[in-house]
Amino acid sequence: MTNPHIGVISRVILKILGGYTYLCRALAAPPAKASDRKEQGMKTTMYTQMSIDGKIALVSKASGGLFSIMRPEQLRYVHDCRGRVDAIMVGGRTVELANPTLTNHNDLSKSPLRVVVTASLDIPESAHLLTDGFPCVFATIGKSRENAGVIERAGKTVLYCGEDALDFALLFQILEERYAVRSIMLEGGGSLNWSLVSQGFVDELEIMILPVIFGGRDTPSLVDGEGFSSMDLVPMFSLYALEDQGNMLLLKYRAIPKQ
Ligand SMILES: NC(=O)c1ccc[n+]([C@@H]2O[C@H](COP(=O)([O-])OP(=O)(O)OC[C@H]3O[C@@H](n4cnc5c(N)ncnc54)[C@H](OP(=O)(O)O)[C@@H]3O)[C@@H](O)[C@H]2O)c1
């Protein structure tokens, strides 16, 4: 007679072996280059609402007010965009300062996978992304492993993508293989946008220009970071759509591949 426990035990062993195989593959495979990623069909689009002077928040770092001056149909558009992508990505400081939900408010059942990029894993315990029931993954580096407790206790996932520096190519590979992510909405802020623009990972831009000026030397802008020091390095984009939304402009750009 067959022991009924054998089936269960073999399924557990297969699951462990499957996880081990995945880990080996992830560690052994050379990280995909930005150009490989594009050939595989992964698309990253940077979405933003910014002031006429290119700022994405006030000097106090608050950005919630931007949504308050948008029309209902523009807010609907932003949430519809969330419903069309597989994942939405923000930086750790946006979570700390803006405490976003990043869900699709038009249809919560069509919300994208939320991905937070954080070197420190220093995420407030009260953040919506930790307390609500929607899936959220936190991409980080091995060095921050000891800070993973808050996130794991909240039942969310930590993805390790490099030991000292975050390897975005590996992150994209994991998102695609483990979560079937093929399209990403990059929602800032300026530091994360720089990380991705400077490494050639931004394929398209959708920029909504609101009729306000924020000013301020230290106000977050669309892309911050170190900045490019030479024109040879500057990425170029081609404008493929321009929509007049009555006192607001929606600009859509595509990256021009480097020769
Ligand atoms: N208007 C809009 O559309 C919009 C959208 C989003 C945000 N915002 C505003 O933008 C401001 C925040 O922007 P920000 O530039 O200060 O911060 P941010 O880009 O949101 O987050 C920066 C953080 O992301 C992580 N990060 C970024 N690049 C990384 C890399 N290469 N490797 C590892 N981790 C990396 C680090 O997280 P840790 O610090 O956790 O290590 C870093 O400190 C806020 O005021 C927010 O309200 C506006």
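Biologist: How many helices and strands are there in the protein?

Modeller: This is a predicted model, and the protein has nine helices and nine strands. Of its 259 residues, 30% count as buried. As for contacts between residues at least 6 apart in sequence, 69% of them join residues at least 24 apart.

Biologist: Let's take a strand. Which way do the residues of β4 point, and are they buried or exposed?

Modeller: General idea to begin with: in a regular strand, side chains alternate between the two faces of the sheet. In β4, C136, F138 and T140 point one way, V137 and A139 point the other way, and all are buried.

Biologist: Why is β4 described as largely enclosed by the rest of the structure?

Modeller: Because five of the five residues of this strand, residues 136–140, are buried. Now look at its partners. Strand β3, residues 113–117, runs parallel to β4 and is joined to it by four bridges, with V115 opposite V137. Strand β5, residues 157–160, also runs parallel to β4, again over four bridges, and here F138 stands opposite V158.

Biologist: Which strands pair with β9 in the antiparallel sense?

Modeller: There's β7, residues 204–209, which pairs with β9, residues 249–256, over six bridges; M208 stands opposite L250 there. Then there's β8, residues 236–244, joined to β9 by eight bridges, where L242 faces L251.

Biologist: And what do β8 and β9 form, with how many residues between them?

Modeller: A hairpin, with four residues between the two strands. Check G246 in the turn: its phi is positive, about 65°.

Biologist: On to a helix. Why can I say that the length of α8 agrees with what a helix should span?

Modeller: You work from the rise of 1.5 Å a residue: the 12 residues of α8, residues 168–179, should span 16 Å, and the end C-alpha atoms are 15 Å apart, so the two agree.

Biologist: Which residues of α8 are buried?

Modeller: They are F168, L170, L171, F172, Q173 and L175. Just after the helix, have a look at A180, where phi is positive at about 55°.

Biologist: Let me pick a single residue, I88. Where is I88 found, and why does I88 count as buried?

Modeller: I88 sits in strand β2. The cut-off for buried is 20 or more other C-beta atoms within 10 Å, and I88 counts as buried because 24 C-beta neighbours lie inside 10 Å.

Biologist: Which residues does I88 touch, not counting residues up to four places away in sequence?

Modeller: Leaving those sequence neighbours out, I88 touches R82, L102, P112, R114, V115, M185 and E187. You've met V115 already, as the residue opposite V137 in β4. Try a distance too: I88 and T44 are 44 residues apart along the chain, and their C-alpha atoms are separated by 9.4 Å.

Biologist: Last one, the ligand. How many residues surround the ligand, and which are the closest?

Modeller: It's surrounded by 30 residues, the closest being S63, G91, G92, G188 and G189. The elements that give two or more residues to this shell are β1 (43–50), β2 (87–91), α5 (92–98) and α9 (190–198).

Biologist: Which element gives the largest share of the shell around the ligand?

Modeller: That's α5, with five residues. By class, the shell has 12 nonpolar, 13 polar and five charged residues.

Terms used:
Residues numbered from 1 in each chain as written. Predicted model: local features only at pLDDT ≥ 70, side-chain atom pairs only at ≥ 80, totals over all residues. Near = placed C-beta within 6 Å. Nonpolar A, V, L, I, M, F, W, Y, C, P; charged D, E, K, R; others polar. Buried ≥ 20, exposed ≤ 12 C-beta atoms within 10 Å, placed from the backbone. Contact = placed C-beta atoms within 7 Å. Pairing = 2+ DSSP bridges. Expected span 1.5 Å × (residues − 1).
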